[in-house]
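Got the viewer open? Grab your mouse and follow along, one selection at a time.

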Amino acid sequence: QVQLVESGGGLVQAGGSLKLSCAASGRTFSTNGRGWFRQAPGKEREFVASISFDGGTAYYANFVKGRFTISRDNAKNMVYLQMNNLSPEDTAVYYCVAGSTGAAVKSTPSYWGQGTQVTVSS
């Protein structure tokens with residue numbers, strides 16, 4: 001089994017930046033894909049970004065518009081989400097996810113972290 005723990009959430013002003021981190025442990029060799037989902041108050045969970053095992057392919061939701069960057073460090077079993085030019089509509093709980101491939105986790109992640117709160121004020 002894979003365990004995922006997010007960190008780096010917090011309160012930022014509109015236009016600011018924040019970097020989320022996710023530490024993975026357990027049998028991570030069988031879940032090569034990594035990614036991020038989010039859920040805003042009163043809304044459904046939605047895909048944010050995902051990345052292939054070697055980092056060569058990244059997938060982004062349309063609302064990112066070049067503002068977010070996903071990356072990973074396999075030697076440390078870490079995945080990151082750099083978020084720039086944040087808006088109040090980005091306020092949500094952000095979840096680290098893992099699955100078989102970067103493409104697969106866009107729709108059906110196998111593992112979920114507990115989530116970290118990101119709040120963007122105006």
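Start by selecting arginine 45 and tryptophan 112: in this predicted model, arginine 45 lies over the face of tryptophan 112, at 4.8 Å from the ring centre. Tryptophan 112 itself is partly exposed, with a relative accessible area of 34%.

While you're there, look for another spot of this kind. Pick lysine 19 and tyrosine 80, where the charged end of the lysine sits over the tyrosine ring, 4.7 Å from its centre.

**The rings**

Now show the aromatic side chains. How many aromatic pairs does the structure hold? There are 3. Zoom in on phenylalanine 37 and phenylalanine 47: their ring centres are 5.8 Å apart and their planes stand at 75°, so this pair is edge-to-face. Phenylalanine 37 belongs to strand β4 and phenylalanine 47 to strand β5 (residues 46-51), so the pair ties together parts that are 10 residues apart in sequence. Are these two buried or exposed? Phenylalanine 37 is buried at 7% relative accessibility, and phenylalanine 47 is buried too, at 15%.

Keep phenylalanine 37 selected and add tryptophan 112 again. Here the ring centres are 5.1 Å apart with the planes at 55°, so the pair is tilted. Tryptophan 112 sits in strand β10 (residues 111-112) and phenylalanine 37 in β4, so this pair ties together parts that are 75 residues apart in sequence. Add Tyr95 to the view and you have the whole cluster: ring pairs link Phe37, Phe47, Tyr95 and Trp112.

**Arginine 38**

Step along to arginine 38, in strand β4 (residues 33-39). Buried or exposed? Arginine 38 counts as buried, because its relative accessibility is 6%, under the 20% cut-off. Its side chain makes a polar contact of 2.9 Å with the side chain of tyrosine 94. Beyond its neighbours within four places in sequence, arginine 38 is in contact with a list of residues, among them Glu44, Phe63, Phe68, Glu89 and Asp90.

**Strand β11**

Tyrosine 94 leads to the next stop: its bridge partner in β11 is threonine 116. Select β11 (residues 116-121) and look at its side chains. Thr116, Val118 and Val120 point to one face and are buried, while Gln117, Thr119 and Ser121 point to the other and are not.

Which strands pair with β11? Strand β9 (residues 92-99) does so in the antiparallel sense, over 3 bridges, and strand β2 (residues 10-13) in the parallel sense, over 4 bridges. For a last stop, select glutamine 13, which stands opposite serine 121 in β11.

Terms used
Residues numbered from 1 in each chain as written. Predicted model: local features only at pLDDT ≥ 70, side-chain atom pairs only at ≥ 80, totals over all residues. Heavy atoms only, no water. Helix = DSSP H or I, 4+ residues; strand = E, 2+ residues; numbered from the N terminus. Buried < 20%, exposed > 50% of the residue type's maximum accessible area, 1.4 Å probe, protein only. Polar contact = N/O pair within 3.5 Å; in protein donor to acceptor, adjacent residues only side chain to side chain. Contact = heavy atoms within 4.5 Å. Pairing = 2+ DSSP bridges. Phe/Tyr/Trp six-rings, centres within 6.5 Å; stacked < 30°, edge-to-face > 60°. Lys NZ or Arg CZ within 6 Å of the ring centre and 35° of its normal.
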